[in-house]
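Visitor: I have not looked at this one before. Can you walk me through a few parts of it?

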Amino acid sequence: MRAMVNNAEGEILRALRASGDYVSGEALSAELGVSRVCIWKHIRSLVRHGYVIKPSSRGYHLVSAPDLLLPCEFPGWEQKICHFWELDSTMRVAKALAKRGAEEGTIVVAESQSRGRGRLGREWSSPVGGIYCTVILRPKINPAYAPRISLMASVAVARTIRRLFGLPAELKWPNDVLIGGKKVCGILAEMEAEMDEVDFVNLGIGINVNCSISQQRATSLRDELGTDVSRKEVLSAVLAEIQRQQGMLTRDDLLGEWKELSATLGREVTVVSLGEEIAGKAIDVDTNGALIVKCRDGSLTRVLAGDCLHL
Ligand code: BTN
């Protein structure tokens, strides 16, 4: 079910947070240009979503807020965020929206997924506490550049984790984010395009935040830090990074940033691509994000997509 939290509620939260004290119903109704009854209804709806708001004769006081990814928590992005309590997969909903013409930057967010999808047909475990979103992008680029979009997103997530928490996030080709060799974030991109023009690229991002994933080579931010962190803060920072990086899609500095954060380059790897196994040393990524592997016989192989194992 989709959460019915709207801009008015975002405005109310903004006003309550800015004041840090009680704000009268009268002041809120003047600020938002709606009746006091309307304000009261919005307050009641916020309380239903888990916000603790103390009413008194002086007005309303925000005591605490839940860590939900509701649109009202993302000032400036409210109109773009489609929030759901649970979905099978944000990829499915984003695809339907993109096909119906949803605008660039539309973001489908779910608090949990029942059939989260990973790369290569795998399942993505999506319990409550993680971040699951798909961003609809309509980049004006040649489809050949599209693989760079997921590289860009992995750079955005790794940079965010490093900046907010000081954790040594690294990248495994093509776009896994690892901490200490364990996966904390996966990225799945789906594209629809003509020969020379992209219609949309749906960028699915799954980050293990305040949840524990019972897979051997997986971790979460909570597992690494020993405490819960704000998912709102993580998602806002990732979205801002993606916005910043988007302008770099056709520039080679993007690859430079990916290489700096890479845990793959310089390592012995095995890559399974289209049923074929390529073993050797990962030496570079080319302009389209393909991995260059120096095989044991000295030949160079260019791998466009596949599953990479660090040896
Ligand atoms: C991977 O296999 O590494 C990619 C995982 C991508 C998971 C995200 S969660 C949000 C979006 N919805 C999905 O069903 N999958 C992606």
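Guide: What follows covers the ligand, a helix pair and two backbone details.

Guide: This is a predicted model, in which local features need pLDDT of at least 70, side-chain atom pairs count only at pLDDT 80 or more, and totals for chains, interfaces and linings use all residues. Residues are numbered from 1 along each chain as its sequence is written, and side-chain values use heavy atoms, leaving out hydrogens and water.

Visitor: How many residues surround the ligand?
Guide: 20 residues do, counting those with a heavy atom within 4 Å of it. The closest are S89, T90, R117, R119 and K183.

Visitor: Which ligand atom does the K183 side chain approach?
Guide: An oxygen atom, 2.6 Å from an N or O atom of the K183 side chain. S89 has a polar side-chain atom 2.7 Å from a ligand oxygen.

Visitor: And what about Q113?
Guide: A polar atom of the Q113 side chain lies 3.0 Å from a ligand nitrogen.

Visitor: Switching topic: at what angle do α5 and α7 cross?
Guide: Roughly 130°, with the axes of α5 (residues 147-165) and α7 (residues 231-246) coming within 9 Å. Axes are lines fitted to C-alpha atoms over the stretch in contact, and angles run from 0 to 180 degrees between N-to-C directions. Helices are DSSP runs (H or I, at least four residues) and strands are E runs of at least two, numbered from the N terminus.

Visitor: Any odd backbone spots?
Guide: The peptide bond from W173 to P174 is cis, with omega near 0°. P174 sits in the loop between β6 (169-172) and β7 (176-179). L120 is not a glycine, yet has a positive phi of about 55°. Most residues other than glycine have a negative phi, and most peptide bonds are trans.

How values were computed:
A polar contact is a pair of N or O atoms within 3.5 Å; within protein, one must be able to donate a hydrogen and the other to accept it, and residues adjacent in sequence count only if both atoms are side-chain atoms.
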